[in-house]
Each structure stands twice: as structure tokens, then as C-alpha cells.
Amino acid sequence: FHHTSTSHLCSCSKIVSDEKYQDPFQLGRKDLKNLYEDIKKELLVSTAELKEMCDYYFDGKGKAFRPMIVVLMARACNSHHNNSREVQASQRSVAIIAEMIHTASLVHDDVIDDANSRRGKMTVNQIWGERKAVLAGDFILSAASVALARIGNTTIISVLTQVIEDLVRGEFLQLGSKENENERFAHYLEKTFKKTASLIANSCKAVSILGCPDPKVHEIAYQYGKNVGIAFQLIDDVLDFTSCANHLGKPTAADLKLGLATGRVLFACRQFPEMNAMIMRRFSKPGDVERARKYVLQSDGVQQTTYLAQRYCHEATREISKLRPSPEREALIQLTEMVLMRDK
């Protein structure tokens with residue numbers, strides 16, 4: 001299902017991207033050179049332990065997925081506006097800030113979830129303890145705020161501080177659950193937007209504002225980021241069940257163990273209504289996690305969630321196609337397919 005329907009649904013973008021295939025990672029590499037060194041410069045600290053904690057996740061081994069989208073969007077918007085394919089210094093700063101905000105949120109998430117592994121290694125809170133991990137996350141966030149102020153554009157500050165507000169609101173949404181099935185799905189999608197997609201959407205919007213005065217372009221950039229961000233998280237939720245722990249870099253069925261009902265669980269619940277009670281008690285009774293996992297794997301939850309992710313990617317492609325053709329635009333289209341096909 002995964003492969004056949006993806007090629008069917010995304011055929012409109014495949015025609016374009018097969019014709020002049022652009023590898024997003026290859027194309028964005030130039031602008032992301034020394035990204036992590038530049039982030040470490042923003043995190044100049046006197047305390048050796050705090051520096052060590054901040055450097056721990058900024059080890060340069062991540063894919064830099066978010067900064068890459070941001071620099072590609074910057075170039076696509078610049079190219080659309082005045083045929084310039086160069087990334088401005090302020091636009092590259094947005095990519096750096098996006099990665100810093102994202103990483104700070106991971107540090108805090110791991111504390112909230114009492115997680116013991118992230119990206120295949122022990123979490124900051126496991127090594128240094130919860131209190132110090134919270135402070136390290138706060139410090140990274142404050143350094144990102146200083147870098148943001150240095151851009152010196154109040155609109156950009158407003159757009160990117162919205163991300164921090166959304167992250168907090170998303171975390172609160174995750175702590176609650178809805179009784180009504182339809183409300184529950186809307187709640188899940190809103191939480192997904194705030195916790196994952198808002199950062200990508202608003203970072204894309206920020207670089208478009210810096211590169212082009214047209215509000216229509218700002219909306220295109222925002223909608224692309226929003227749709228790709230939601231699709232990315234939907235696939236992440238699928239992988240939480242289907243990928244092995246070593247591959248994913250975190251324990252599988254982690255969301256169930258945290259009491260979270262993600263897309264797959266909510267779809268499975270329609271076929272197995274007995275899961276409702278488990279969702280409401282957040283899988284807290286002995287055996288709940290295993291039973292829920294069994295129901296999910298027996299249901300069509302994976303197909304339904306993947307199909308929903310395809311619809312979001314389709315919408316992202318539709319939006320970005322409104323920009324003038326450029327290698328970066330094609331790479332952003334290609335990226336929607338990579339999001340659907342990823343296995344970790």
C-alpha cells in the first residue's frame with residue numbers, strides 16, 4: 001500500500017521531479033556548511049558542564065532536516081522574487097535559530113517523557129539529570145532568542161516567537177484527551193501542528209518575508225511548511241509501531257507507553273471500539289500497551305495514517321508549485337516524497 005498509493009497520489013509531482021530530479025540534501029548542503037559550528041558559537045558559555053550538555057545534541061550527526069527546508073525555501077522565494085538564488089545572511093540565521101529551537105524542545109520533551117534514548121544515544125536527562133537538562137533546554141532557547149533579536153526585524157521576531165508559544169500549547173494539548181471521537185482527531189492534528197509543524201511553517205514564512213515582499217508568497221511558504229510538518233509527524237507516528245528501536249533511534253511503541261493516542265491508534269479505534277476505554281485511561285492498566293499495539297497492527301491504521309500523510313504532502317506540493325520554477329522548488333517537491341518514504 002505504502003509504495004503503490006504514494007506513486008499514484010504524488011504522480012503530479014513525480015512527473016516534474018523525475019524530469020529534473022533535485023536531491024534536497026545535495027542542494028542545501030552548501031548553505032548548511034558549518035551549521036553546527038555556527039550554532040556552537042551562539043552557545044558560548046563559561047560553565048564547562050553546560051557547554052558539554054549543549055554540544056551533546058549538536059554533534060553534526062543529525063540530518064538537519066528543518067534547516068535544510070528553510071534554506072531551500074529561502075532560495076526558492078528569492079528566485080521567485082528576483083531570480084537571486086543566494087541565501088541572505090539573515091535567512092541562514094533563521095535556519096540556525098530553527099534548529100536551536102527544535103533541539104531545545106527535544107531536551108525538554110525528553111524530560112517530560114522521562115525518555116532514556118534519543119537518536120540512538122542516551123538522553124541529556126539520563127546523563128546529567130532532569131534539573132540540569134531543563135536548564136540546558138532553557139539556555140539553548142535563550143541563545144536562539146538572542147540570535148533572533150540580532151536579525152533586527154520585528155516581523156521576523158513575531159513570526160518565530162509564535163513557534164515557542166505553539167510548542168508550549170502543543171505540550172499542554174498532549175497532556176489532555178477528548179472523549180468524543182471526532183474531537184479527539186481534531187485535537188490530535190492541532191497538537192501535531194503546534195508541536196511539530198508550526199516550527200517548519202513559521203521558519204519558512206520568516207525566510208520568505210526576508211526574501212520577497214509579496215504576502216501571497218509568505219502564505220505559500222507557510223502552507224508548504226505546515227503541510228510537510230504534519231505529514232512528517234504522521235509518518236513518525238507510523239514508524240513508532242513499524243520500525244525497530246535501533247533503526248528509529250528511540251524505543252518503539254514509546255507513544256503508547258507515554259499514554260499517547262497517535263493517528264494510527266485513533267484510526268484503529270474505529271475498528272476496535274474497545275480501545276476507547278484504554279485511550280481515556282491513557283493505557284495505564286497492566287497489559288494495555290500490548291493489547292493496544294496488537295489492535296493497531298491488526299487494523300488498517302497504518303494505511304489510513306499513511307494515506308492522510310500523502311494528502312498533506314499533496315497539498316504541500318500544490319502550494320509550492322505556485323512559485324516560479326527553480327531547482328530549489330523542485331527539491332522541495334522531491335522532499336514531500338522523501339518524507340513519505342522515510343523509514344527512520
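**Exercise 1. A residue in a loop**

Arg282 has a relative accessible area of 26%; decide which accessibility class this value gives, and describe the place and backbone of Arg282 in this predicted model.

*Solution.* Step 1: the class of partly exposed residues runs between under 20%, which is buried, and over 50%, which is exposed. Step 2: with its 26%, Arg282 is therefore partly exposed. Step 3: Arg282 is located in the loop that joins helix H16 (275–280) to helix H17 (288–298). Step 4: the phi angle of Arg282 is positive, at about 60 degrees, although Arg282 is not a glycine.

**Exercise 2. Another positive phi angle**

Which loop holds Asn34, and what is the phi angle of Asn34?

*Solution.* Step 1: Asn34 belongs to the loop between helix H3 (24–32) and helix H4 (35–42). Step 2: the phi of Asn34 is positive and about 65 degrees, although Asn34 is not a glycine. Step 3: the relative accessible area of Asn34 is 43%, so Asn34 is partly exposed.

**Exercise 3. Buried or exposed**

State for Leu340 and for Gly152 whether the residue is buried or exposed, and give the place of each in the chain.

*Solution.* Step 1: Leu340 is part of helix H19 (residues 327–341). Step 2: a relative accessible area under 20% counts as buried; Leu340 has 0% and is therefore buried. Step 3: Gly152 sits in the loop between helix H9 (130–151) and H10. Step 4: a value over 50% counts as exposed; Gly152 has 63% relative accessibility and so is exposed.

**Exercise 4. Separation in sequence and in space**

For the pairs Leu340 and Asp288, Gly152 and Ala136, Arg318 and Ile220, and Ser321 and Ile333, set the separation along the chain beside the C-alpha separation in space.

*Solution.* Step 1: list the values.

| Pair | Residues apart in sequence | C-alpha separation |
|---|---|---|
| Leu340 and Asp288 | 52 | 29 Å |
| Gly152 and Ala136 | 16 | 25 Å |
| Arg318 and Ile220 | 98 | 9.4 Å |
| Ser321 and Ile333 | 12 | 7.9 Å |

Step 2: place Arg318, which lies in helix H18 (residues 301–320). With a relative accessible area of 45%, Arg318 is partly exposed. Step 3: place Ser321, which is found in the loop between H18 and H19. Ser321 is partly exposed, at 34% relative accessibility. Step 4: leaving aside residues up to four places away in sequence, Ser321 touches Arg329 and Ile333.

**Exercise 5. The angle between two helices**

How are H12 and H15 oriented to each other: roughly parallel or roughly perpendicular?

*Solution.* Step 1: two packed helices are described by the angle between their axes and the distance between the axes. Step 2: the axes of helix H12 (residues 215–242) and helix H15 (residues 263–271) come within 8 Å and cross at roughly 75 degrees. Step 3: angles of 65 to 115 degrees count as roughly perpendicular. H12 and H15 are therefore roughly perpendicular to each other. Step 4: the contact is formed by Asp237, Val238, Phe241 and Thr242 of H12 together with Gly263, Arg264 and Val265 of H15. Step 5: sorted by class, this contact of H12 with H15 contains 3 nonpolar, 2 polar and 2 charged residues.

**Exercise 6. The cavity**

How many cavities of 30 Å³ or more does the whole structure contain, and which residues of the lining lie nearest the centre of the largest cavity?

*Solution.* Step 1: a search of the whole structure finds 1 cavity of 30 Å³ or more. Step 2: the space in the largest cavity is about 190 Å³. Step 3: its lining has 16 residues, and those nearest the centre are Gly176, Ser177, His187, Leu260 and Ala261. Step 4: H10 and helix H11 (181–211) each provide at least two residues of this lining. H11 gives the most, with 4 residues. Step 5: the lining of the largest cavity divides into 6 nonpolar, 6 polar and 4 charged residues.

**Exercise 7. A pocket**

Describe the volume and lining of the second largest pocket.

*Solution.* Step 1: the second largest pocket holds about 260 Å³ of space. Step 2: 14 residues line this pocket, and the closest to its centre are His108, Ile112, Leu167, Val168 and Glu171. Step 3: the elements that give two or more residues to the lining are helix H7 (89–113) and helix H10 (154–175). Step 4: by class, the lining of the second largest pocket has 9 nonpolar, 2 polar and 3 charged residues.

Terms used: Residues numbered from 1 in each chain as written. Predicted model: local features only at pLDDT ≥ 70, side-chain atom pairs only at ≥ 80, totals over all residues. Heavy atoms only, no water. Axes fitted to C-alpha atoms, helices over the stretch in contact; angles between N-to-C directions. Parallel < 35°, antiparallel > 145°, perpendicular 65-115°, else oblique. Contact = heavy atoms within 4.5 Å. Nonpolar A, V, L, I, M, F, W, Y, C, P; charged D, E, K, R; others polar. 1 Å grid on protein atoms, 1.4 Å probe; cavity = no way out; pocket = protein on both sides within 12 Å on 5 of 7 lines; lining within 4 Å. Points joined across faces, edges and corners; volume = space filled by probe spheres on them. Buried < 20%, exposed > 50% of the residue type's maximum accessible area, 1.4 Å probe, protein only.
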